[in-house]
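I opened my notebook to look up a few things in one chain. I kept each entry short.

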Amino acid sequence: MTSSELTSAGIPRVELSRATRAGQLVRLARGTYRLTQIDGLPPVAAEATDLLEVQLRSPYARPCLISALHLHGLTTTRPHRLQFALPRNRQALDFEGLPMEFFYFSDLAYHEGTLAFPVRERWLTTYTVEKTLVDLLRAAPRLGRELYLEGLKNALRYRKLDRRELFRLARLLRVGKTLEHDLEVLEHDQDH
């Protein structure tokens, strides 16, 4: 949350200082705060709040890969570090207290398949389910294929997938043949 949001909600700035000294708020940067206790939120909502806080300070940072897969509810694996995509011409900011990992995307990969996700009355810009799966397939040499396959299976099971969009993005980002093969194998396994 930002100090301007809190003051517009009727909370004086002096209360922000008091709450920070009392340990109720953590000052992330000038004008950006977060609650120290978010225990009342379910795990996905708590992680989404952290993702939103990073995006408030660094608007070009978009949750991607395992963070996006978890945000869409397609994996039970929580990433060890919050993962963000950045365009190649942007520099990653350092955030104290939040373990993060940044991936530099080409302009095409960065701008395709975005989605505005509601988080605590704000919008978090992330990637669609289809784009997340394609990105995980592209990152498989580095991250492994297990989470990509889990996400693909769950997206098929819960019908959260637009196949036309999935294939369009896979062809655009040059992993179309691999994706077609993986879908063929998964569908054959489901039939037997």
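These entries go from the whole chain to single helices and residues.

**Entry 1: the whole chain**

I noted at the start that this is a predicted model. I then looked up the secondary structure. The chain has 10 helices and seven strands. Next came the overall extent. Along the principal axes, the C-alpha atoms fill a box of roughly 65 × 35 × 25 Å. I also checked burial. Of the 192 residues in the chain, 47% are buried. Last, I looked at contacts with a sequence separation of 6 or more. Residues 24 or more positions apart account for 54% of them.

**Entry 2: helix H6**

I picked helix H6, residues 129-138. How many of the 10 residues in H6 are buried? I found nine, and H6 is mostly covered. I wrote down the buried ones: Val 129, Glu 130, Lys 131, Thr 132, Leu 133, Val 134, Asp 135, Leu 136 and Leu 137. I noticed charged residues in that list, Glu 130, Lys 131 and Asp 135 among them.

**Entry 3: H6 against H8**

I looked for a helix that packs on H6. Helix H8, residues 146-157, does so. The angle between H6 and H8 is about 155°, and their axes are 9 Å apart. Why do I call this pair roughly antiparallel? An angle over 145 degrees counts as roughly antiparallel, so H6 is roughly antiparallel to H8. The crossing of the two helices is left-handed.

I then listed who meets whom. From H6 come Val 129, Leu 133, Leu 136 and Leu 137. From H8 come Leu 147, Tyr 148, Gly 151, Leu 152 and Ala 155. Sorted by class, this contact has eight nonpolar residues, one polar residue and no charged ones.

I saw a pattern in the numbering and added a reminder. An α-helix has 3.6 residues a turn, so residues three or four places apart point the same way.

**Entry 4: Asp 135**

I wanted a closer look at one charged residue in H6. Asp 135 lies in this helix. Is Asp 135 buried or exposed? Its relative accessibility is 2%, and buried means under 20%, so Asp 135 counts as buried. I looked up its polar partner. The side chains of Asp 135 and Lys 131 are joined by a polar contact of 2.7 Å. I then left out residues up to four places away in sequence. Asp 135 still touches Leu 65, Phe 105, Tyr 127 and Leu 173.

**Entry 5: Val 134**

I moved one residue back in H6, to Val 134. Val 134 has a relative accessibility of 1% and counts as buried. Which residues does Val 134 contact, leaving aside neighbours within four places in sequence? I found Leu 166, Leu 169, Ala 170, Leu 173 and Val 175. Leu 173 also appears among the residues touched by Asp 135. I checked a distance too. Val 134 and Pro 59 are 75 residues apart in sequence, and their C-alpha atoms are 23 Å apart in space.

**Entry 6: H9 against H10**

I turned to a second helix pair. Helix H9 covers residues 163-172, and helix H10 covers residues 176-191. They pack at an angle of about 140°, with their axes 7 Å apart. That angle makes H9 oblique to H10. On the H9 side, the contact is made by Arg 163, Leu 166, Phe 167, Ala 170 and Arg 171. On the H10 side, I wrote Gly 176, Leu 179, Glu 180, Leu 183 and Glu 187. By class, these are five nonpolar, one polar and four charged residues. Leu 166 and Ala 170 of H9 are also in contact with Val 134.

**Entry 7: the loop between S6 and S7**

I left the helices for a loop. Strand S6 is 114-119 and strand S7 is 122-127. Arg 120 is in the loop between them. Its phi is near 50°, a positive value in a residue other than glycine. Glu 121 lies in this loop too. Its phi is positive as well, about 65°, although Glu 121 is not a glycine. I compared their accessibility. Arg 120 is partly exposed at 47%, whereas Glu 121 is exposed at 86%.

**Entry 8: Gly 97**

My last stop was Gly 97. Where is Gly 97 found? It sits in the loop between strand S4 (82-87) and strand S5 (100-105). Gly 97 is exposed, with a relative accessible area of 74%. Val 26 is 71 residues away along the chain, yet the two C-alpha atoms are separated by 9.9 Å.

How values were computed. Residues are numbered from 1 along each chain as its sequence is written. This is a predicted model: local features need pLDDT of at least 70, side-chain atom pairs count only at pLDDT 80 or more; totals for chains, interfaces and linings use all residues. Side-chain values use heavy atoms; hydrogens and water are left out. Axes are lines fitted to C-alpha atoms, for helices over the stretch in contact, and angles run from 0 to 180 degrees between N-to-C directions. Helices (H or I, at least four residues) and strands (E, at least two) are DSSP runs, numbered from the N terminus. Angles under 35 degrees count as roughly parallel, over 145 as roughly antiparallel, 65 to 115 as roughly perpendicular and the rest as oblique. A crossing is left-handed if the near helix is turned anticlockwise from the far one by less than a right angle, and right-handed if clockwise. Contact means heavy atoms within 4.5 Å. Buried means under 20% relative accessible area, exposed over 50%, partly exposed in between (1.4 Å probe, protein chains only). A polar contact is a pair of N or O atoms within 3.5 Å; within protein, one must be able to donate a hydrogen and the other to accept it, and residues adjacent in sequence count only if both atoms are side-chain atoms.
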